[in-house]
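Walk through this structure step by step. The route goes from the surface to a pocket, and then to a set of charged side chains.

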Amino acid sequence: MIYWLAVKVSLFPNGLNHVLFHLYLPSGALWKPTWGDFMVLLGVIFLYVELFKSTRTSEVTIIDHLLSTFVLIFYLTAWLIYEWAGNSVFLILTGMAFLDVIAGFTITISAARRDLSIGGRV
């Protein structure tokens with residue numbers, strides 16, 4: 001969603017390689033993160049939140065997985081069809097969406113099995 005908004009304000013995809021800031025590291029190396037790097041880092045943070053949410057088992061979990069699947073379908077479709085999405089940053093975000101769907105279902109099924117086995121022994 002953030003990527004799409006950045007496309008609408010003409011920041012992406014042309015601005016993906018624009019440097020945000022310069023920082024000299026203690027090693028003396030110059031670190032120059034770009035907007036693309038920032039988007040990937042933001043995607044990793046959101047992926048962590050999504051994976052953490054998938055560890056709970058509730059009625060909302062099924063809807064959350066369904067929405068994650070729709071997001072993945074949107075990402076795949078956009079990457080294949082739209083020129084603004086045809087870059088490596090968007091592909092990495094698509095891979096994160098895929099990982100979110102697969103890991104979400106896997107974690108939820110594992111947690112449900114554990115809850116079922118614990119509940120069955122009582």
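Leucine 20 is partly exposed, because its relative accessible area is 32%, which falls between the 20% limit for buried and the 50% limit for exposed. The model is predicted. Leucine 20 sits in the loop that runs between helix 1 (2–8) and strand 1 (23–24). Leu20 also takes part in a nonpolar surface patch of about 510 Å². Its partners there are Phe21, Leu23, Leu25, Trp31 and Phe38. Patch residues need over 30% relative accessible area, and leucine 20 has 32%.

Next comes the pocket. Rolling a probe the size of a water molecule over the atoms reveals where empty space remains. The largest pocket holds about 530 Å³ of space. It is lined by 19 residues, and the closest to its centre are Met1, Phe46, Glu50, Val71 and Tyr75. Four elements each give two or more residues to this lining: helix 1, helix 2 (35–53), helix 3 (59–81) and helix 4 (88–120). Helix 2 supplies the largest share, seven residues. What classes of residue make up the lining? By class, 14 are nonpolar, two are polar and three are charged.

Glu50 is among the residues closest to the centre of the largest pocket, and it leads on to the salt bridges. Side chains of opposite charge can pair when their charged atoms come close. The model has two salt bridges. In one, glutamate 50 pairs with lysine 53, with the closest N and O atoms 3.1 Å apart. Both residues lie in helix 2, three residues apart, about one turn of the helix.

Lysine 53 also forms a salt bridge with aspartate 64, where the closest N and O atoms are 3.5 Å apart. Aspartate 64 belongs to helix 3 and lysine 53 to helix 2, so this pair ties together parts that are eleven residues apart in sequence. Glu50, Lys53 and Asp64 are thus linked in a network of salt bridges.

Is each end of the second pair buried or exposed? Aspartate 64 is buried, because its relative accessible area is 13%, under the 20% limit. Lysine 53 is partly exposed, because its relative accessible area is 26%, between the 20% and 50% limits. The salt bridge between aspartate 64 and lysine 53 therefore joins a buried residue to a partly exposed one.

How values were computed:
Residues numbered from 1 in each chain as written. Predicted model: local features only at pLDDT ≥ 70, side-chain atom pairs only at ≥ 80, totals over all residues. Heavy atoms only, no water. Patch = residues over 30% accessible without salt bridge, like charges linked within 9 Å, V, L, I, M, F, W, Y side chains within 5 Å. Areas by Shrake-Rupley, 256 points an atom, 1.4 Å probe, with all protein chains shown as cover. Salt bridge = Lys/Arg side-chain N within 4 Å of Asp/Glu carboxyl O. Buried < 20%, exposed > 50% of the residue type's maximum accessible area, 1.4 Å probe, protein only. 1 Å grid on protein atoms, 1.4 Å probe; cavity = no way out; pocket = protein on both sides within 12 Å on 5 of 7 lines; lining within 4 Å. Points joined across faces, edges and corners; volume = space filled by probe spheres on them. Nonpolar A, V, L, I, M, F, W, Y, C, P; charged D, E, K, R; others polar.
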